[in-house]
Amino acid sequence: MTEKFQLYKCEICGNLVEVLIAGAGELVCCGQPMNLLTAHTEEEIKGESHLPFMFHNEEGKELVRIGEKIHPMIPEHYIQFIKLISENGKISVTKFFEPEEVPEISLNEDFGDYIARENCNIHGLWSKVIKHE
Ligand SMILES: [Fe+2]
């Protein structure tokens with residue numbers, strides 16, 4: 001049984017798929033079951049910054065960047081996407097990145113509290129819950 005917003009990866013071809021509506025079946029790619037990805041939730045790599053970092057710009061707009069110290073964005077090592085999911089699971093938004101771009105997304109809707117997650121092409125999936133006081 002899958003769950004909404006789970007990510008599954010094929011270790012053979014690299015397909016990465018997201019569940020939008022959960023079902024009972026097993027996800028299979030290249031003839032074998034896909035692996036459910038589990039997000040890292042704490043910085044674990046020295047000198048790297050992977051956790052989503054929320055801040056407000058000069059105009060007071062809320063943004064999420066990877067990370068507090070910006071993650072590398074070179075062709076060999078970069079952030080592939082950032083996804084924000086509102087706490088109630090009703091709104092989600094994904095922004096994809098190419099090398100050399102700034103791994104940053106702004107909030108155009110009031111998400112309330114939300115989960116921010118990102119995928120690094122080398123170090124995988126990371127997530128952080130963003131709560132407003
Ligand atoms: Fe990385």
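Me: How many residues lie between S8 and S9 in their hairpin, and which turn residue has a positive phi?
Reply: In this predicted model, S8 and S9 are the two arms of a hairpin. Their pairing is antiparallel and runs over five bridges, with Lys-83 opposite Thr-94 in S9. The number of residues between the arms is five, and the turn residue with a positive phi, about 75°, is Gly-89.

Me: Which residue in S11 stands opposite Ser-86?
Reply: S8 (79–86) also pairs with strand S11, residues 114–120, in the antiparallel sense. That pairing has seven bridges. The residue of S11 opposite Ser-86 is Tyr-114.

Me: Which residue does a cis peptide bond join to Ile-66?
Reply: Most peptide bonds are trans. The bond in question has an omega of about -15° and is cis. Its second residue sits in the loop between strand S7 (62–66) and strand S8 (79–86). That residue is Gly-67.

Me: Is Phe-5 buried, partly exposed or exposed?
Reply: Phe-5 belongs to the segment before strand S1 (7–9), and its phi is near 75°, a positive value in a residue other than glycine. A residue counts as buried at 20 or more other C-beta atoms within 10 Å and as exposed at 12 or fewer. Phe-5 has 15 such atoms within 10 Å, so Phe-5 is partly exposed.

Me: Is Cys-30 buried, partly exposed or exposed?
Reply: Cys-30 lies in the loop between strand S3 (28–29) and strand S4 (32–33). Although Cys-30 is not a glycine, its phi is positive, at about 50°; most residues other than glycine have a negative phi. The cut-off for the lowest class is 12 or fewer other C-beta atoms within 10 Å. Cys-30 has 11 within that distance, so Cys-30 is exposed.

Me: Which strands stand at the edges of the open sheet of three strands?
Reply: The order in this open sheet is S2-S1-S5, with antiparallel pairing. An edge strand here has a single partner strand, so one side of it is left without a neighbour in the sheet. The strands in that position are S2 (16–18) and S5 (35–36).

Me: Which residue in S5 stands opposite Lys-9?
Reply: Strands of a sheet pair through backbone hydrogen bonds, either parallel or antiparallel. S1 and S5 run antiparallel and are joined by two bridges. Opposite Lys-9 in S5 is Asn-35.

Key:
Residues numbered from 1 in each chain as written. Predicted model: local features only at pLDDT ≥ 70, side-chain atom pairs only at ≥ 80, totals over all residues. Helix = DSSP H or I, 4+ residues; strand = E, 2+ residues; numbered from the N terminus. Pairing = 2+ DSSP bridges.
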